[in-house]
Amino acid sequence: MEITLKYSAQIKQAAGTAFETLSVQGPCTASEILKQIAASHEALQSMLYESEDTIRPSLLLFVGEGQVTGEHMLEDGDVLTLMSPIAGGLNGKNWTGLQE
């Protein structure tokens, strides 16, 4: 089974690529794919995991256009997008325009 990984934001920079294809045996979850990614890309380990077994709660995972959790069962041909949160753009002001 083949899963395409799409990296964006800081994750793309750390991986050194925007896309990657993994071949895996049988059904697997998004979290199982994350373990494989962390094992093959040392620079991504701290971006994907808080601790050895805890996925960062701020990590965003998508299959197609839908957001998924680590327990999502992937299917052959799925595109799993990994996105780190993006901050900034308000120049120290909150959404009301008031200085924080």
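Let me begin with a single residue, Ser8, which is found in strand 1. Ser8 is buried, with a relative accessible area of 15%. Leaving aside neighbours within four places in sequence, Ser8 is in contact with Thr81, Leu82, Met83 and Ser84. Please keep in mind throughout that what we are viewing is a predicted model.

The next residue along, Ala9, has its place in helix 1. Ala9 has a positive phi of about 55°, although it is not a glycine. For context, most residues other than glycine have a negative phi. As to exposure, Ala9 is partly exposed, because its relative accessible area is 26% and the partly exposed class runs between 20% and 50%.

Let me now step back to the whole protein. The secondary structure comes to 3 helices and 9 strands. Read along the sequence, these elements follow the pattern β-α-β-β-α-α-β-β-β-β-β-β. Of the 100 residues in the protein, 33% are buried. If we consider contacts between residues at least 6 apart in sequence, 49% of them join residues at least 24 apart.

A word on confidence. The protein averages a pLDDT of 86, and 85% of the residues score at least 70. Confidence is lowest in strand 4, residues 49-51, with a mean of 88, and highest in strand 8, residues 73-74, at 97.

I turn to the sheet. In what order do the strands of the open sheet lie? The order is 2-1-9-6-7, giving 5 strands with mixed pairing. At the edges are strand 2, residues 19-23, and strand 7, residues 66-68, each of which pairs on one side only. On average, neighbouring strands of this sheet are turned by 30° against each other, direction ignored.

Let us take the pairs in turn, starting from the strand 2 edge. Strand 1, which covers residues 2-8, runs antiparallel to strand 2, and 5 bridges join the two. Within this pair, Thr4 has Thr21 of strand 2 as its bridge partner.

Further across the sheet, strand 6 and strand 9 pair in the antiparallel sense over 4 bridges. Here Val63 stands opposite Leu80 in strand 9. Strand 6 is also joined to strand 7 by 3 bridges, and these two strands run antiparallel. In that pairing, Leu61 stands opposite Val68 in strand 7. Strand 6 and strand 7 form a hairpin with 2 residues between them, and Gly64 in the turn has a positive phi of about 65°. As a general point on strands, in a regular strand the side chains alternate between the two faces of the sheet.

Next, the interior. In soluble globular proteins, nonpolar side chains tend to be buried together. In this model, the largest nonpolar core has 23 residues, and those with the most contacts inside it are Leu5, Ile33, Ile37, Leu48, Leu80 and Leu82. Which elements each supply at least two residues of this core? They are strand 1, helix 1 (9-15), helix 2 (30-40), strand 6 (60-63) and strand 9 (79-83). The largest share, 5 residues, comes from helix 2.

Leu48 merits a closer look. Leaving aside neighbours within four places in sequence, Leu48 is in contact with Ile11, Leu34, Ile37, Ala38, Thr54, Ile55, Arg56, Leu59 and Leu82.

Several of these names bring us to helix 2. Which residues of helix 2 are buried? They are Ala30, Ser31, Ile33, Leu34, Ile37 and Ala38. Seen down the axis of helix 2, the buried residues fall within an arc of 150°, so they line one face of the helix. On the other side of helix 2, Lys35 and Ala39 are exposed.

Finally, let us look at the segment after strand 9, where Pro85 lies. Is Pro85 buried or exposed? Pro85 falls in between: it is partly exposed, with a relative accessible area of 42%. Pro85 and Leu60 are 25 residues apart in sequence, while their C-alpha atoms are 7.2 Å apart in space. Leaving aside neighbours within four places in sequence, Pro85 is in contact with Gln10 and Ser58.

To close, I return to two points. The open sheet has the strand order 2-1-9-6-7, and helix 2 supplies the largest share of the largest nonpolar core. Thank you for your attention.

Methods
Residues numbered from 1 in each chain as written. Predicted model: local features only at pLDDT ≥ 70, side-chain atom pairs only at ≥ 80, totals over all residues. Heavy atoms only, no water. Pairing = 2+ DSSP bridges. Axes fitted to C-alpha atoms, helices over the stretch in contact; angles between N-to-C directions. pLDDT = per-residue confidence, 0-100. Core = buried A, V, L, I, M, F, W, Y, C linked by side-chain atoms within 4.5 Å. Buried < 20%, exposed > 50% of the residue type's maximum accessible area, 1.4 Å probe, protein only. Contact = heavy atoms within 4.5 Å. Arc of directions from axis to C-beta.
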